[in-house]
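Consider how charged side chains are placed in a protein chain, and which of them find a partner. The paragraphs below go through the charged pairs and then turn to a residue without one.

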Amino acid sequence: MVRPAMLYGMEAVAATRGQEKKMEVAEMQMLRFALGKTRLDKIRNDTIRETIGVGELGKKMRESRLRWLGHVISRDEGYVGQRTCYSGREGALMLARPRPRNFHQ
């Protein structure tokens, strides 16, 4: 019940590794709660996932994104999803924060 709510609409979101990790942590807390276990019981995440019969949330997110991408690719060129997927980024990529204007050299 938790997983569909967490994954709803995530196929169109470019989640970072940090965001994926936070979602996995939240899912593990909920899975542990469902089993009545705590972290103090020192049960590995793999064991809990195996007990409940679910896979990793990050893999499911990637699967849903790839499924969504397949739908987008199969649409015509005028579809807004396809235009946003293949639109190029203009301008230079900012690798660091800009210097303040009153920076002394």
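Helices here are DSSP runs of H or I with at least four residues, numbered from the N terminus. The model is a predicted one.

Side chains of opposite charge can pair when their charged atoms come close. The cut-off for a salt bridge is a side-chain nitrogen of Lys or Arg within 4 Å of a carboxyl oxygen of Asp or Glu. A search of the whole structure on that basis finds 4 salt bridges.

One of them joins Arg 62 to Glu 20, with 3.3 Å between the closest N and O atoms. This pair links distant parts of the chain, since Arg 62 lies in helix H4 (residues 57–74) and Glu 20 in helix H2, 42 residues apart. Burial is set at under 20% relative accessible area, and exposure at over 50%, with partly exposed in between. Arg 62 has 35% relative accessibility and therefore counts as partly exposed. Glu 20, in contrast, counts as buried because its relative accessibility is 9%.

Glu 20 also forms a salt bridge with Arg 65, where the closest N and O atoms are 3.5 Å apart. Here too the pair links distant parts of the chain: Glu 20 is in helix H2 and Arg 65 in helix H4, 45 residues apart. Glu 20, Arg 62 and Arg 65 are thus linked in a network of salt bridges.

A further salt bridge lies within helix H4, between Glu 63 and Lys 60. The closest N and O atoms of this pair are 3.6 Å apart. Glu 63 and Lys 60 are separated by about one helical turn, because they are 3 residues apart in helix H4. Glu 63 is partly exposed, at a relative accessible area of 41%, and Lys 60 is partly exposed as well, at 33%.

What, then, is the nearest side chain of opposite charge to Arg 32? Arg 32 is located in helix H2, which spans residues 17–35. The nearest such side chain is that of Asp 41, 6.7 Å away, and Arg 32 has no salt bridge although it is buried. Leaving aside residues up to four places away in sequence, Arg 32 touches Lys 37, Thr 38, Arg 39, Ile 43, Arg 44, Asn 45 and Ile 48.

Conventions: Residues numbered from 1 in each chain as written. Predicted model: local features only at pLDDT ≥ 70, side-chain atom pairs only at ≥ 80, totals over all residues. Heavy atoms only, no water. Helix = DSSP H or I, 4+ residues; strand = E, 2+ residues; numbered from the N terminus. Buried < 20%, exposed > 50% of the residue type's maximum accessible area, 1.4 Å probe, protein only. Lys, Arg positive; Asp, Glu negative; His and termini not counted. Contact = heavy atoms within 4.5 Å.
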